[in-house]
Amino acid sequence: MADADPGYFGPQSVTWQLHSDPMMWIAGVRALYLQALHPRAVRGVMQNSDFRKDAWGRLMRTANFVGTLSYGTKDAAEQAGARVRRIHALLKADDPVTGERFGIDDPELLLWVHCAEIDSYLSVGRRSGFRLSDAQADRYVDEHRVDARLVGLDPAGVPGTVAELAAYFDSVRPQLAATADARDVDDFLRRPPTHPLLIPARELVWRRVARLAYASLPPYAHELYGRPVPAERTVNRWLTFTGTVLRSIPATVRWQLPPRHILKAVARLGPGSRPAPYTLRRQAAILDGPGRAHGQ
């Protein structure tokens, strides 16, 4: 399997290891909360999506896209990116304040969505006990310039380190607001519509997922939404406990859940490609600074 295509990341990347972690599901919900605070970005979703009627389908499509980029072949990633670009090019929305008509493929909006996702995956992973050195965290941010290109951004204008990512959020914060659209997203994430027989499961499982995802947001997001959370150290304990519990489930069981990209990648590349966090600890000495993704 030496000639098999590892995709744009591959087993030696930080992405290959981090995205196999079960806390990525909670990180994905955090990203939705954060993305909803950009008035134009959330308006684009509200005017062009049926997420209220097909919430789980939308989540699975997003998971499939992330999984394809993370673990699929380069060709599969290029096709997935092209599909997203085609869809975005067709969609328009109205600015909630000015009424101006704008395209969903506006680079400013694409960059916000990208950065909110990468920040969420990295923040939740590290705070829940997934061990990454600072150099590996920078490497992770840099690796995802690949994603940026695939959705239509110029990678040169996308943050490539943790510090650059933080600077980006500082620059965009004055534009953020908890609009009526953001409140709708918040209400939806707290109590998504579901079949009556599944309501007990929603109350037992999903509300805890949503509550933890919300609690892991940065303080300015809590201020905008207006719902306070416990101190950061308490939230970190919640994240660590949840991460420990979820990671105790055998990986081969977790990876059976759709869309099963990890199992497909291991079958394509061989058993030595299985994601394992200790791989990053071994690499720490050689990942001294930001670098390009494996295979980029």
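In this predicted model, Arg227 sits over the face of Tyr214, 3.9 Å from the ring centre. Tyr214 has aromatic company too: together with Tyr33 and Tyr225 it makes up one aromatic cluster.

That brings us to the aromatic pairs, and the count comes to seven. Here are two of them, both edge-to-face.

| Pair | Centre to centre | Angle between planes |
|---|---|---|
| Trp16 and Tyr71 | 4.8 Å | 65 degrees |
| Trp112 and Phe169 | 5.8 Å | 75 degrees |

Which helices does the Trp16 and Tyr71 pair link? Trp16 belongs to α1 (residues 14-18) and Tyr71 to α4 (residues 55-71), so the pair bridges distant parts of the chain, 55 residues apart. Trp16 counts as buried, at 0% relative accessibility, because the cut-off for buried is under 20%. Tyr71 is buried as well, with a relative accessible area of 3%.

The Trp112 and Phe169 pair does a similar job of joining up the chain. Trp112 is in helix α6 and Phe169 in helix α9, so this pair ties together parts that lie 57 residues apart in sequence. Both Trp112 and Phe169 are buried.

Now for the packing around these rings. The largest nonpolar core holds 60 residues, and those touching the most other members are Tyr33, Leu34, Trp112, Phe169 and Tyr225. The biggest contribution to this core comes from α6, with ten residues. If you want to follow Trp112 outwards, leave aside residues up to four places away in sequence; what remains is contact with Leu34, Gln35, His38, Ala41, Tyr168, Phe169, Val172 and Leu176. There is also a second, separate core of nine residues, with Tyr71, Trp255, Ala265 and Val266 among them.

Helix α9 (residues 162-172) deserves its own look. Which of its residues are buried? They are Leu165, Tyr168, Phe169 and Val172. These four are on the same side of α9, because they span an arc of only 95 degrees around the axis. On the other side of the helix, Ala163 and Asp170 are exposed. As for what covers the buried residues of α9, the list includes α2 (24-35), α6 (107-127), α7 (134-143) and α12 (219-225). Three of those buried residues turn up again among the contacts of Trp112, namely Tyr168, Phe169 and Val172.

On to the backbone, and a couple of oddities. Most residues other than glycine have a negative phi, and most peptide bonds are trans. Pro258 and Pro259, however, are joined by a cis peptide bond, with omega about 10 degrees. Pro259 is in the loop between α14 (251-254) and α15 (261-269). Arg260 is found in the loop between α14 and α15 too, and what is its phi? Phi is positive there, about 60 degrees, although Arg260 is not a glycine. Arg260 is partly exposed, at a relative accessible area of 39%.

Last, another loop arginine. Arg191 is placed in the loop between α10 (180-190) and α11 (199-215). Is Arg191 buried or partly exposed? With 45% relative accessibility, Arg191 counts as partly exposed. Arg191 and Arg233 are 42 residues apart in sequence, and their C-alpha atoms are 26 Å apart in space.

How values were computed
Residues numbered from 1 in each chain as written. Predicted model: local features only at pLDDT ≥ 70, side-chain atom pairs only at ≥ 80, totals over all residues. Heavy atoms only, no water. Helix = DSSP H or I, 4+ residues; strand = E, 2+ residues; numbered from the N terminus. Buried < 20%, exposed > 50% of the residue type's maximum accessible area, 1.4 Å probe, protein only. Arc of directions from axis to C-beta. Contact = heavy atoms within 4.5 Å. Core = buried A, V, L, I, M, F, W, Y, C linked by side-chain atoms within 4.5 Å. Phe/Tyr/Trp six-rings, centres within 6.5 Å; stacked < 30°, edge-to-face > 60°. Lys NZ or Arg CZ within 6 Å of the ring centre and 35° of its normal.
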